[in-house]
Amino acid sequence: MLTPTADLYDRYGDLLGSCDTQLRQFGGVHAFAGPAVTVRCFEDNALVRSIVAEPGAGRVLVVDGGGSVHTALMGDLIAAAAADNGWAGVVINGAVRDVAALAALPIGIKALGANPRKSAKSGVGERDVPVTFGNCVFSPGSEVHSDDDGVVVLPVHARQ
């Protein structure tokens, strides 16, 4: 059983980053947690696709799309690959598409919103770098927890 984000905040206080960005639930799983894998990409999802093709091993992919909802960084095919490859969830500072299909998948997905427009596929972006949104820093390996209350991150150095 996952520890609720509110209980984690009560336990860790300000050591725990609490994401202010109001993300929506899109996946079939509403509570998920795991070590962060990070990517920064703007309106281009080629890196996202390549990362979720790897074994997820219960990790959480954190995607900083710059807050753009102009194009979707994840749709049903990429999300299904993530679920099939064992990713616990995906947190996207950007948009998704294929909303009805995402809701049926056994994976947690949080994003700003939805847009049916496809993204570019050139592979522009950075992987395994700290990303910041919602007054929260997500570093590779930090522990990300998400549920209906929000998204929190426990830095590697703060774990007890």
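**Close-up views of the chain**

**View 1. Aspartate 76 in helix α3.** At a relative accessibility of 29%, aspartate 76 counts as partly exposed. The model shown here and in every other view is predicted. Aspartate 76 belongs to helix α3. Which residues does aspartate 76 touch, not counting those up to four places away in sequence? Five are listed: Arg97, Asp98, Ala101, Leu102 and Leu105. For a distance marker, take valine 48, which is 28 residues from aspartate 76 along the chain. The C-alpha atoms of aspartate 76 and valine 48 are 13 Å apart.

**View 2. Leucine 77, also in helix α3.** Helix α3 covers residues 76-84 and includes leucine 77. Is leucine 77 buried or exposed? Leucine 77 counts as exposed, at 62% relative accessibility. Aspartate 76, by contrast, is partly exposed. Leucine 102 sits 25 residues from leucine 77 along the chain. In space, 9.2 Å separates the C-alpha atoms of leucine 77 and leucine 102. Leu102 is also among the residues that aspartate 76 touches.

**View 3. Asparagine 93 in strand β6.** Strand β6 runs through residues 89-96 and holds asparagine 93. Asparagine 93 counts as buried, because its relative accessibility is 7% and the cut-off for buried is under 20%. What does asparagine 93 touch, leaving out residues up to four places away in sequence? One stretch of its contacts is Val63, Asp64, Gly65, Gly66, Gly67 and Ser68. Thr21, Leu112 and Phe133 complete the list for asparagine 93.

**View 4. Glycine 66 in the loop between β4 and β5.** Strand β4 (60-64) and strand β5 (72-74) flank the loop that holds glycine 66. Glycine 66 is exposed, with 57% relative accessible area. Its contact Asn93 is buried. Cys41 and Phe42 also touch glycine 66, when neighbours within four places in sequence are set aside. Glutamate 43 gives a further reference point for this loop: measuring from C-alpha to C-alpha, 8.5 Å lies between glycine 66 and glutamate 43. Along the sequence, these two residues are 23 positions apart.

**View 5. Two loop residues with positive phi.** Glutamate 43 has a phi near 55°, a positive value in a residue other than glycine. Where is glutamate 43? The loop between β3 (32-40) and α2 (46-52) contains glutamate 43. At 21% relative accessibility, glutamate 43 counts as partly exposed. That value falls in the partly exposed class because buried means under 20%. Alanine 57, in the loop between α2 and β4, also has a positive phi, near 50°. Alanine 57 counts as exposed, at 71% relative accessibility.

**View 6. Cysteines without a disulfide.** How many disulfides does a search of the whole structure find? The search finds zero. For cysteine 41, the closest cysteine sulfur is in cysteine 19, 16 Å away, which is too far for a bond. For cysteine 136, the closest cysteine sulfur is also in cysteine 19. That distance is 5.5 Å, again too far for a bond. A pair counts as a disulfide within 2.5 Å. Cysteine 41 is buried, at 2% relative accessible area. Cysteine 136 is buried too, at 1%. Cys41 also appears in View 4, as a contact of glycine 66.

**View 7. The whole chain, for orientation.** The chain contains four helices and twelve strands. Its radius of gyration is 14 Å, close to the 15 Å that the globule rule gives for 160 residues, so the chain is as compact as a globular protein of that length. The C-alpha trace spans about 40 × 30 × 30 Å along its principal axes. What share of the 160 residues counts as buried? The share is 49%. Of the contacts with a separation of 6 or more, 73% come from residues 24 or more positions apart. The chain has an accessible surface of about 7100 Å². Carbon and sulfur atoms account for 54% of that surface. There are 12 positive and 17 negative side chains. The centres of these two sets lie 7 Å apart.

Notes: Residues numbered from 1 in each chain as written. Predicted model: local features only at pLDDT ≥ 70, side-chain atom pairs only at ≥ 80, totals over all residues. Heavy atoms only, no water. Buried < 20%, exposed > 50% of the residue type's maximum accessible area, 1.4 Å probe, protein only. Rg over C-alpha atoms; globule rule 2.2 N^0.38 Å. Contact = heavy atoms within 4.5 Å. Areas by Shrake-Rupley, 256 points an atom, 1.4 Å probe, with all protein chains shown as cover. Lys, Arg positive; Asp, Glu negative; His and termini not counted. Charge placed at Lys NZ, Arg CZ, Asp CG, Glu CD.
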